[in-house]
Amino acid sequence: MVAQGVLSRIMDALDLETFLVCSSEEEGKELAIRLMKSLGFQDVDLVFIRFGGPGARIRVRAYIYRPGQDYAWVRQIDDGEKRG
Amino acid sequence: MAFERRKILLVPLDPVHDIGLKMIRRGLEQAGHQTLLLPPDLPPEEIVSIMGKEHPDHVMISRTLGYGVGEVLGRFVDLADAAGLRDKTTLVVGGMAVRPELAAELGFDAGFGPGTSVEEVVAFVEGRPYQPDLAGAKKQKKDITAGYAYDFRHGAIGNLLEKIVTDILTWDEGKISPGILRSRLRDESWDVESFRQGKVSREFSEAYAQLCDPVPQAFHRKGEVHPKTRRQTDQEIARLEDYLTKTKSRMSVSKVQHVEGQPKVFIQYGTGCPFMDIAHIKVCEAWGADGVVHFDPSWGARTEGFIGGFLTHQEDGSVITPENLSWIKAALEPSTLWQVRAHRGLNTAETVVLAGKLGADLTKINIAYGSLAAGTDPARLTVDGIEAIRMAVKYKLPFDVVTNEELAGVPAHKAFAGMLIVTALGRRLGARPILQPLFSYSPEVMIGGQMIDNYIDFNAAKIEALRSIIDAPLWPGAPIGFLTQTEDRVQSSMTTSLHAALAAALRVDAISIASSDEAYSGGPIIAASRVDTLQAVAEGFRFFGEGRIAPTSHAQRWADEMVDKIEAVLKEVAQAPSFVEALYAGLLGSKEEGAYPGRGGRGTVTEK
């Protein structure tokens with residue numbers, strides 16, 4: 001997937017942090033990944049989860065660029081400078 | 001079941017990291033099992049060869065680094081398969097890079113990710129279900145005031161406080177207010193059991209309405225609620241009950257303290273919606289909060305009388321009603337301390353009664369702060385404050401004496417003089433007051449420069465000064481680190497954690513902490529931000545343990561200066577025509593210092 005629009009300006013990855021109401025860590029993991037996929041991200045991973053009674057504190061990540069990929073923000077910055 | 005000794009091959013399939021496996025080896029050996037720990041980073045072929053010779057029951061691979069982990073582990077499993085070693089040997093993988101899904105995908109029999117305990121691994125090896133050590137997290141409610149005698153350690157200040165208290169009580173004789181009348185009516189004629197059964201007498205409602213402002217009157221006579229609020233529907237209440245039942249069934253509370261004696265940690269709630277408050281409280285309990293403090297909206301303090309109903313709204317502070325407080329109380333874990341603040345307004349005395357009847361553990365009272373920085377007339381809050389203290393004694397509610405007038409610009413020594421007067425008043429009346437100095441980057445130090453170098457010295461000076469005056473419990477707040485937090489959650493959590501560590505090093509009894517949203521003013525605090533600071537405080541406590549923080553020599557000098565200035569202020573108050581006149585005259589905080597005698601309830605104090 002080639003990042004477009006504002007997403008292409010993200011240097012490497014987008015982290016989403018929140019508290020999910022769920023009944024187990026397993027459910028929390030599944031919900032976290034599903035949340036990111038529902039937002040249209042494919043390269044996602046759960047960075048952190050801690051479950052306690054009411055739910056889970058999570059940090060879930062979507063990589064926009066892995067190292068070695070074609071970083072659109074390089075071109076966009078260049079374009080911006082030229083336009084300026 | 002007979003014990004079966006197992007043989008476990010421990011394999012750090014990693015260039016350097018084998019600490020986790022060494023901890024597991026110790027746990028397994030203590031449990032009576034045989035272990036063999038291989039050197040780090042052997043090639044998979046050599047590991048499989050050793051497996052063929054040693055015939056272990058389990059092979060436990062540890063892999064910390066995430067990069068390329070799948071490839072290496074997959075090759076190991078393929079080789080073990082090819083060598084026919086899978087029938088009698090279980091292959092397990094664990095480490096920071098491992099997820100159970102990944103382990104299964106690669107063909108391992110089990111996978112242990114980050115946070116796995118040694119006990120969990122031992123249970124796996126022994127083929128029994130893992131039972132977390134719930135007893136380790138068992139918490140008891142603590143009486144923060146236990147062990148304090150309230151003796152004056154500074155004779156001259158003690159004598160001044162005794163004189164001021166005697167004068168206050170003499171001045172108060174024969175005075176009454178609508179707030180006192182309501183508190184006595186609530187105390188004598190409002191039965192909490194009848195309320196819980198939905199029965200409130202018409203006589204009580206009418207007698208109560210006569211002592212209230214128009215909005216509470218409309219509620220008690222016609223059932224109308226405050227225009228800024230709405231009632232929760234029956235369906236919403238049923239859903240809350242269902243949510244609470246399910247959540248409570250899986251609750252286990254944790255501790256933020258690492259060693260015995262570190263301060264109890266309070267969080268403050270008041271999103272405006274008691275339902276959301278309950279959701280946040282449960283999160284905070286699960287993450288280790290020892291106590292919760294109810295924040296009510298500011299208009300509640302300026303209105304004569306309470307309304308009722310299970311009410312919600314979208315403003316700061318959750319409305320004090322018997323129903324709201326009852327629901328919150330029902331939601332608390334047995335170990336959670338619950339404070340309902342009474343300190344500042346026209347319902348101070350009645351709040352104490354309501355809190356006492358509904359099972360609160362603590363309340364908050366400060367006549368000086370409520371008069372000078374919270375909008376209530378000094379005379380009114382003095383008579384209501386005395387009544388509130390008497391009710392706190394009756395309902396066995398210790399109370400903190402907050403000094404938030406410092407945030408308006410009142411210097412610490414003047415705020416402390418006011419706090420000590422109320423504390424001495426409580427002491428005389430048989431109460432259990434708790435000193436609440438601020439740990440804050442206050443206007444006084446912004447201008448005076450006491451925190452140019454560090455946040456330690458001036459806060460330490462406050463504790464040292466107060467301890468040299470009276471033997472009383474200390475509960476810095478509220479919240480600690482006030483005005484040091486920014487909107488950045490890492491910075492905010494870090495400064496809260498460091499202030500908590502300082503409080504622990506100074507051996508105070510309790511602290512109130514912020515969320516990492518403390519400096520954000522665009523909307524309500526969120527649950528994740530509460531977790532941030534609780535985690536951060538736990539790490540601060542873990543880091544310092546019994547260790548101490550050494551203030552510089554400034555701290556003792558400032559403490560000595562503070563004590564001298566407190567004594568000077570108390571001398572002036574003792575010579576004033578009355579404590580109330582002293583408040584009006586600015587002796588405990590002047591207009592130039594940002595303290596304005598309040599107008600709420602002015603002219604409502606009458607002679608009996």
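Q: What percentage of the 608 residues in chain B is made up of buried residues?
A: In this predicted model, a residue counts as buried when its relative accessible area is under 20%. Applied to the 608 residues of chain B, that criterion gives a buried share of 58%.

Q: How many helices and strands make up the secondary structure of chain B?
A: The C-alpha atoms of chain B, taken along the principal axes, fill a box of roughly 95 × 60 × 45 Å. Within chain B, the secondary structure comes to 24 helices and 18 strands.

Q: How far apart do the C-alpha centres of domain 1 of chain B and domain 2 of chain B lie?
A: Chain B is divided into domain 1, which covers residues 7-132, and domain 2, which covers residues 155-567. Taking the C-alpha centre of each of these domains of chain B, the separation comes to 51 Å.

Q: Is B:Asp172 buried or exposed?
A: B:Asp172 belongs to helix α6 of chain B, a helix that spans residues 155-172. The cut-off for a buried residue is under 20% relative accessible area. Because the relative accessibility of B:Asp172 is 10%, this residue counts as buried.

Q: Which residues does B:Asp172 touch, not counting residues up to four places away in sequence?
A: A contact here requires heavy atoms within 4.5 Å. With residues up to four places away in sequence left out, the residues that B:Asp172 touches are B:Val383, B:Ile386 and B:Arg390.

Q: How far apart do the centres of the positive and negative side chains of chain B lie?
A: Chain B carries 66 positive and 78 negative side chains, and each set has its own centre. The distance between the centres of the two sets in chain B is 4 Å.

Q: What percentage of the area that chain B exposes do carbon and sulfur atoms supply?
A: The area that chain B exposes is about 25,100 Å². Of this area of chain B, the part supplied by carbon and sulfur atoms is 52%.

Q: What pattern does chain A follow, read along the sequence?
A: Chain A contains two helices and three strands. Reading these elements of chain A in sequence order gives the pattern β-α-β-β-α.

Q: Among contacts in chain A between residues at least 6 apart in sequence, what percentage joins residues at least 24 apart?
A: Chain A has 84 residues, of which buried residues make up 32%. When the contacts of chain A are restricted to residues at least 6 apart in sequence, the share joining residues at least 24 apart is 60%.

Conventions:
Residues are numbered from 1 along each chain as its sequence is written. Chains are lettered from A and ligands numbered from 1 in the order in which they are written. This is a predicted model: local features need pLDDT of at least 70, side-chain atom pairs count only at pLDDT 80 or more; totals for chains, interfaces and linings use all residues. Side-chain values use heavy atoms; hydrogens and water are left out. Helices (H or I, at least four residues) and strands (E, at least two) are DSSP runs, numbered from the N terminus. Buried means under 20% relative accessible area, exposed over 50%, partly exposed in between (1.4 Å probe, protein chains only). Accessible areas come from the Shrake-Rupley method with a 1.4 Å probe; for residues, only the protein chains shown count as cover. Lys and Arg count as positive and Asp and Glu as negative; His and the chain ends are not counted. The place of a charge is taken as NZ of Lys, CZ of Arg, CG of Asp or CD of Glu. Domain bounds come from an automatic or database domain assignment.
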